[in-house]
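Work through the following exercises with the structure in view, and try each task before reading its solution.

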Amino acid sequence: MSAGRRLVRAGSLAAALVVWQLLTSLDVNLWLRFEQFPTVVEVASAFADRVVTPTYWQDLGHSLGRIAVGFLLAAVLGVAAGTAVARSRWAADLLGPLVEVVRPVPAIALVPVAILLLPTNEQGIVFITFAAAFFPVLVSTRHAVRALAPAWEEAVLTMGGGRLRVLRSVVLPGALPGVFGGLSVGIGVAWICVISAEMISGEYGVGYRTWQDYTVVDYPGVFVGMTTIGILGWFTSTAVEFLGRRATSWLPRPAGRGGADAPRPLFRRAAAAARTTPVAVSADAHADGDGDADHDAGVHADAARVGVHPDAAEPTAEPRKEPVP
């Protein structure tokens, strides 16, 4: 990211904080009642006092642990179930109706179910977190797998590959962009539901502490909890997006990041070698016995004689001729 974009992002956040400080310090009360809101200075002071206490970090650890367990379970089972529903008629008939019936139910509404089924509140909060992230991952994976071009699978089967090879070499790599889209949505929904579950039945955690601050009318403490939740959500979603970019680094990138069809360094080196040795490349193709190798060899040989690369838009410079004495 360029320095200009970083400056714009930091400036937008700073402007929002300035507006917040002005509205609360001046006790603006038009339609929205800002006179009851804590100022930015009060929230920053409360945050500085809270962050040095062991209770703050204990709550942070509990919330992160619940998110990690629930989200990882949702990622693994959601990708597996979404792939099965998209690839198997039996799985679609067995799981499809159940998914469509349960998916519209808000995950936070499953709190009574979790309390009745699971022996501890901790397991119930993890279950709510899992349920919140599971369905976005499943649905995104299902659509991504179904959108794959069948020609890829047919090519692998034609060359002797089995179902497992198709799954490993075609289905999962091809569906990765859609899968990480579902994971990005799922991590955000998981944070919403884990905080809500902690407010309802938690004993520790950022959501539990935020609710406790609200019950004792500690509004700066409430905003400290909200700020912490925002920072944690930003950190985890950024981590998921970073992993997604690394896992799909083979995809073409927008023009601002090197061009839509910009080759990777390995392919760039190979392309440079092909441009410098067109005859050798065509000879290798002929030696491999490719069906079009003879035609390619002729094209490369003719191009070498006239000084033009067959893939180039402009002819290469002709060698300089010495003057005849």
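**Exercise 1. Decide whether Glu-100 is buried, partly exposed or exposed, and find the salt bridge that it shares with Arg-103.**

Step 1. In this predicted model, Glu-100 has a relative accessible area of 34%. Buried means under 20% and exposed means over 50%, so Glu-100 counts as partly exposed.

Step 2. Arg-103 has a relative accessibility of 36%, and by the same reasoning it counts as partly exposed.

Step 3. The two residues form a salt bridge, in which the closest N and O atoms are 2.9 Å apart. Side chains of opposite charge can pair when their charged atoms come close.

Step 4. Elsewhere in the chain, salt bridges that share partners join Arg-50, Asp-213 and Asp-218 into one network.

**Exercise 2. Locate the two partners of the salt bridge between Asp-218 and Arg-50, and state how exposed each of them is.**

Step 1. The side chains of Asp-218 and Arg-50 meet with an N to O distance of 3.6 Å, which is within the 4 Å that a salt bridge requires.

Step 2. Asp-218 sits in the loop between α9 and α10, whereas Arg-50 belongs to helix α2 (residues 40-51), and the pair, 168 residues apart, links distant parts of the chain.

Step 3. Asp-218 has a relative accessible area of 27% and is therefore partly exposed. Arg-50, at 21% relative accessibility, also counts as partly exposed.

Step 4. Counting such pairs through the chain gives seven salt bridges.

**Exercise 3. Describe the surroundings of Arg-66, beginning with its helix and ending with its charged partner.**

Step 1. Arg-66 is found in helix α3, which covers residues 54-87.

Step 2. Its relative accessible area is 3%, and because the limit for a buried residue is under 20%, Arg-66 is buried.

Step 3. Once neighbours within four places in sequence are left aside, the residues in contact with Arg-66 include Ile-125, Val-126, Thr-129, Val-194, Tyr-204 and Gly-205, and Glu-122 and Glu-198 are also among them.

Step 4. With Glu-122, the side chain of Arg-66 forms a salt bridge at 2.7 Å, N to O. This pair joins helix α3, where Arg-66 lies, to helix α6, where Glu-122 lies, across 56 residues of sequence.

Step 5. Glu-122 is partly exposed, with a relative accessible area of 35%, whereas Arg-66 is buried.

**Exercise 4. Identify the residues with the most contacts inside the largest nonpolar core, and say which helices supply the core.**

Step 1. The largest nonpolar core contains 44 residues, and those with the most contacts inside it are Ile-128, Phe-134, Leu-183 and Trp-191.

Step 2. At least two residues of this core come from each of α3, α5 (111-117), α6 (121-146), α8 and α10. Helix α8 gives the largest share, 14 residues.

Step 3. Take Ile-128 as an example: not counting residues up to four places away in sequence, it touches Ala-107, Leu-110, Val-111, Ala-114, Cys-193 and Ala-197.

**Exercise 5. Find the nonpolar patch on the surface, and place Tyr-219 within the chain.**

Step 1. The patch is formed by Met-199, Ile-200, Trp-211, Tyr-214, Val-217 and Tyr-219, which together have about 590 Å² of accessible area.

Step 2. Helices α8 (163-201) and α9 (206-215) each supply at least two of the patch residues.

Step 3. Tyr-219 lies in helix α10, which runs over residues 219-247. With a relative accessible area of 35%, Tyr-219 is partly exposed.

**Exercise 6. Examine Thr-158, and then set it against the chain as a whole.**

Step 1. Thr-158 lies in helix α7 (residues 150-158), and because its relative accessible area is 67%, it is exposed.

Step 2. A polar atom of the Thr-158 side chain lies 2.6 Å from the backbone oxygen of Glu-154.

Step 3. Of the 325 residues in the chain, 30% count as buried, and the chain has 13 helices and zero strands.

Step 4. The chain exposes about 20,500 Å², of which carbon and sulfur atoms supply 67%. Among contacts with a separation of 6 or more, 62% are between residues 24 or more positions apart.

Key. Residues are numbered from 1 along each chain as its sequence is written. This is a predicted model: local features need pLDDT of at least 70, side-chain atom pairs count only at pLDDT 80 or more; totals for chains, interfaces and linings use all residues. Side-chain values use heavy atoms; hydrogens and water are left out. Patches are made of residues with over 30% relative accessible area and no salt bridge: like charges are joined within 9 Å, nonpolar side chains (Val, Leu, Ile, Met, Phe, Trp, Tyr) within 5 Å. Accessible areas come from the Shrake-Rupley method with a 1.4 Å probe; for residues, only the protein chains shown count as cover. Helices (H or I, at least four residues) and strands (E, at least two) are DSSP runs, numbered from the N terminus. Buried means under 20% relative accessible area, exposed over 50%, partly exposed in between (1.4 Å probe, protein chains only). Contact means heavy atoms within 4.5 Å. A nonpolar core is a set of buried Ala, Val, Leu, Ile, Met, Phe, Trp, Tyr and Cys residues joined through side-chain atoms within 4.5 Å. A polar contact is a pair of N or O atoms within 3.5 Å; within protein, one must be able to donate a hydrogen and the other to accept it, and residues adjacent in sequence count only if both atoms are side-chain atoms.
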